[in-house]
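I opened this notebook to record what I looked up in the structure. The entries go from strand pairing to the overall make-up and then to the aromatic rings.

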Amino acid sequence: MIKRSLLLLFVSAGPLLAQQNPDFHREFPPFKIAGNLYWVGTADLAVYLINTPQGNIIINSDFPEDVPNIKKSIAQLGFKYGDTKSFSPVMRTAIMMQPSASSRRRPARG
């Protein structure tokens, strides 16, 4: 019983501690890391975009308040947000609310 309570405390405390760090939600410019891997996160939260021929994949996007910045970063890189899939329930919900996009833009060479 005590172990279960401690585990629940640690699991629920993580997001609360992250919410206290203002850099977790501060806008940061997106950039290409290597190949088809891009940074679309905030100043202190790593969120990655992987561009594939089947669409984009977002990794580590669990805060609802970061969705507008992530969308903006994707667009700044030249990709369509509607072509994006995510393993995060937060992003999946935001993506499902977008109209579907039928074409992808290629990012600027750089």
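**Entry 1: strand pairing.** I worked on a predicted model. I began with Ile57 and looked up its bridge partner in strand 5, which is Lys85. I then checked the strands concerned: strand 4 and strand 5 (residues 84–86) pair in the parallel sense over three bridges. Between these two strands I looked for the connection and noted helix 2 (residues 67–76); strand 4, helix 2 and strand 5 make a right-handed β-α-β unit.

I next turned to the pairing of strand 4 with strand 3. Strand 3 (residues 48–52) and strand 4 (residues 55–59) run antiparallel to each other and are joined over five bridges. Asn51 has Asn56 in strand 4 as its bridge partner. I recorded strand 3 and strand 4 as a hairpin, with two residues between them.

**Entry 2: the whole chain.** I listed the elements and found three helices and five strands. Their order from the N terminus is α-β-β-β-β-α-β-α. I looked up burial as well: of the 110 residues, 32% are buried. Among contacts with a separation of 6 or more, 43% are between residues 24 or more positions apart. For the surface, I noted that the protein exposes about 7,300 Å², of which carbon and sulfur atoms supply 63%.

**Entry 3: aromatic pairs.** How many aromatic pairs does the structure hold? I found five. One of them is formed by Phe24 and Phe63, which meet edge-to-face at 5.9 Å centre to centre, with 85 degrees between the planes. Phe24 lies in the loop between helix 1 (2–20) and strand 1 (31–34), and Phe63 lies in the loop between strand 4 and helix 2, so this pair ties together parts that are 39 residues apart in sequence. I checked the burial of Phe24 and Phe63 and noted that both are buried.

I then examined Phe28 and Trp39. Their ring centres are 6.4 Å apart and their planes stand at 70 degrees, so I entered the pair as edge-to-face. This pair links distant parts of the chain, eleven residues apart: Phe28 is in the loop between helix 1 and strand 1, and Trp39 is in strand 2 (residues 37–39).

Is Trp39 buried or exposed? Its relative accessible area is 14%, and because buried means under 20%, I recorded Trp39 as buried. Phe28, at a relative accessible area of 33%, is partly exposed. Finally, I noted that ring pairs link Phe28 and Trp39 with Phe31 and Tyr48 into a cluster.

Conventions
Residues numbered from 1 in each chain as written. Predicted model: local features only at pLDDT ≥ 70, side-chain atom pairs only at ≥ 80, totals over all residues. Heavy atoms only, no water. Pairing = 2+ DSSP bridges. Helix = DSSP H or I, 4+ residues; strand = E, 2+ residues; numbered from the N terminus. Right-handed = clockwise from strand over helix to strand, strands pointing away. Buried < 20%, exposed > 50% of the residue type's maximum accessible area, 1.4 Å probe, protein only. Contact = heavy atoms within 4.5 Å. Areas by Shrake-Rupley, 256 points an atom, 1.4 Å probe, with all protein chains shown as cover. Phe/Tyr/Trp six-rings, centres within 6.5 Å; stacked < 30°, edge-to-face > 60°.
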